[in-house]
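Reader: I keep seeing labels stuck on residues and helices, and I'd like to know where they come from. Can we go through some together?

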Amino acid sequence: MVKISVDSTADLQQVAQQCEISVMPLAVTLEGTQYFDGVDIKPTMIFDNFEQNKRLPKTAARGIDDYDEYFANLTADGSEVVHFAVSGEMSVSYNNAVAAARAHKGVYVVDSRSLSTGIGLLALKAYDYAKEGQGGAEIFDNVTALIPYVQASFVVDTMEFLHKGGRCNGVTAFVATAFKIHPQIIVKDGKMVVGQKFRGKMEVCIEKYVSAILKEFDTPDITRIFITHTNADEKIVERVKALVREFVPSVKEIIETTAGSTIASHCGKGTLGVLYINKA
């Protein structure tokens with residue numbers, strides 16, 4: 001038996017439960033209290049606290065000992081494990097998981113080189129492969145080969161979180177806010193980089209973003225496409241779903257997920273992304 005596992009940054013939520021994918025919750029410290037992503041803290045708590053105090057939580061990877069215990073539990077019945085970590089360029093989660101995995105036979109740790117449902121896409125592919133009867137090593141090789149084809153990007157509604165988190169300077173944040181600029185953030189080579197800059201109301205910018213992404217990366221794997229957001233306006237989300245169906249009428253499944261507290265801590269409320277594996 002092969003078990004699939006992810007860091008909580010995969011933002012799979014109910015999908016993980018349905019597919020019996022195990023989740024390792026990362027730590028989130030808010031106003032001096034430590035919580036665990038997806039367990040006892042919600043993004044709304046982070047947004048409400050920021051509105052009141054203008055302070056962001058601190059996010060942290062789990063330690064080697066935590067991963068050691070986690071993998072011990074998953075392998076206790078003799079199962080193999082394929083675990084997906086947030087990009088090693090963004091967190092030490094991958095390195096800690098690899099260090100812990102050395103003590104457990106049949107544990108394979110994948111550096112997703114991505115975040116959010118960019119990780120989730122790889123994990124669900126691994127789940128598909130496991131159902132086909134592939135072993136842990138084969139699944140590891142097959143999903144690793146897919147990493148360069150994961151299209152992970154999003155558009156932020158507010159620059160405040162990026163600014164407060166040290167990911168953009170004050171002048172950039174001020175200009176973006178003053179001129180209603182909503183930047184596209186792309187995950188490239190395991191890092192977050194700025195792509196196009198859309199100007200205007202968020203709903204207009206999102207439409208431009210979705211059209212641009214689906215035209216540029218125009219051979220999506222039709223198995224599944226994610227729409228992942230941080231409490232975005234429901235009307236915007238429904239419009240994005242319609243656009244995806246328009247551009248990819250053969251898509252088998254559009255999965256909407258709300259990003260967890262780790263991702264929300266860095267990108268703020270209203271962020272939305274369309275993520276999929278681009279087959280070309």
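Author: What follows is a chat about the labels used for this predicted model.

Reader: Let's start with Ser 8. Why is Ser 8 called buried?

Author: Its relative accessible area is 9%. Buried means under 20%, so Ser 8, at 9%, gets the label. As for its place, Ser 8 is found in the loop between β1 and α1. Leaving out residues up to four places away in sequence, Ser 8 touches Val 23, Met 24, Pro 25, Leu 26, Asp 37 and Thr 262.

Reader: And what makes Lys 252 exposed?

Author: The cut-off for exposed is over 50%. Lys 252 has a relative accessible area of 65%, so it counts as exposed. Lys 252 is in the loop between α10 (234-247) and β13 (254-258). With neighbours within four places in sequence left aside, Lys 252 is in contact with Ile 222 and Thr 223.

Reader: How do you know that Val 98 is partly exposed?

Author: Partly exposed covers what lies between the 20% and 50% cut-offs. Val 98 has a relative accessible area of 22%, so it belongs there. You'll find Val 98 in helix α4 (residues 93-101). Val 98 and Pro 57 are 41 residues apart along the chain, and their C-alpha atoms are separated by 26 Å.

Reader: Which label does Phe 154 get, buried or exposed?

Author: Buried: the relative accessible area of Phe 154 is 12%, and the limit is under 20%. Phe 154 sits in strand β9 (residues 153-155). Setting aside residues up to four places away in sequence, Phe 154 touches a list of residues that includes Leu 115, Pro 183, Tyr 209, Cys 267 and Leu 272. From Phe 154 to Gly 120, the C-alpha distance is 15 Å, with their positions 34 residues apart in sequence.

Reader: Cys 267 is on that list. How do you know that Cys 205 is in no disulfide?

Author: A disulfide is a covalent bond between the sulfur atoms of two cysteines. The rule here asks for a pair of cysteine sulfur atoms within 2.5 Å. For Cys 205, the nearest cysteine sulfur belongs to Cys 267 and is 16 Å away, so Cys 205 is in no disulfide. By this rule the model has zero disulfides. Both residues are called buried, by the way: Cys 205 has 0% relative accessibility, and Cys 267 has a relative accessible area of 5%.

Reader: What makes Gln 13 stand out in its phi?

Author: Gln 13 has a positive phi of about 50°, although it is not a glycine. Most residues other than glycine have a negative phi. Gln 13 is in the loop between β1 and α1, and its relative accessible area of 34% makes it partly exposed.

Reader: What is the phi of Glu 20?

Author: Phi of Glu 20 is near 55°, again a positive value in a residue other than glycine. Glu 20 lies in the loop between α1 and β2 (22-24). With a relative accessible area of 67%, Glu 20 counts as exposed.

Reader: Now the inside. What makes a set of residues a nonpolar core?

Author: The members are buried residues of certain nonpolar kinds, joined through side-chain atoms within 4.5 Å. The largest such core here has 38 residues, and those with the most contacts inside it are Ile 4, Leu 12, Ile 21, Phe 84 and Leu 124. Among the elements giving two or more residues to this core are β1 (2-7), β6 (80-85), α5 and α6. The largest share, seven residues, comes from α5. Apart from this core lies another, of 23 residues, including Tyr 209 and Ile 225.

Reader: Which residues does Phe 84 contact?

Author: Neighbours within four places in sequence aside, its contacts include Ile 4, Val 110, Leu 122, Ala 126 and Val 143.

Reader: How do you know that α5 meets α6?

Author: Contact means heavy atoms within 4.5 Å. Leu 122, Lys 125, Ala 126, Tyr 129 and Ala 130 in α5 meet Ile 139, Asn 142, Val 143 and Leu 146 in α6. By class, this contact has seven nonpolar, one polar and one charged residues. Helix α5 (residues 117-131) and helix α6 (residues 136-146) pack at an angle of about 145°, with their axes 10 Å apart. The crossing of α5 past α6 is right-handed.

Terms used
Residues are numbered from 1 along each chain as its sequence is written. This is a predicted model: local features need pLDDT of at least 70, side-chain atom pairs count only at pLDDT 80 or more; totals for chains, interfaces and linings use all residues. Side-chain values use heavy atoms; hydrogens and water are left out. Axes are lines fitted to C-alpha atoms, for helices over the stretch in contact, and angles run from 0 to 180 degrees between N-to-C directions. Helices (H or I, at least four residues) and strands (E, at least two) are DSSP runs, numbered from the N terminus. A crossing is left-handed if the near helix is turned anticlockwise from the far one by less than a right angle, and right-handed if clockwise. Ala, Val, Leu, Ile, Met, Phe, Trp, Tyr, Cys and Pro count as nonpolar, Asp, Glu, Lys and Arg as charged, and the others, Gly among them, as polar. Buried means under 20% relative accessible area, exposed over 50%, partly exposed in between (1.4 Å probe, protein chains only).
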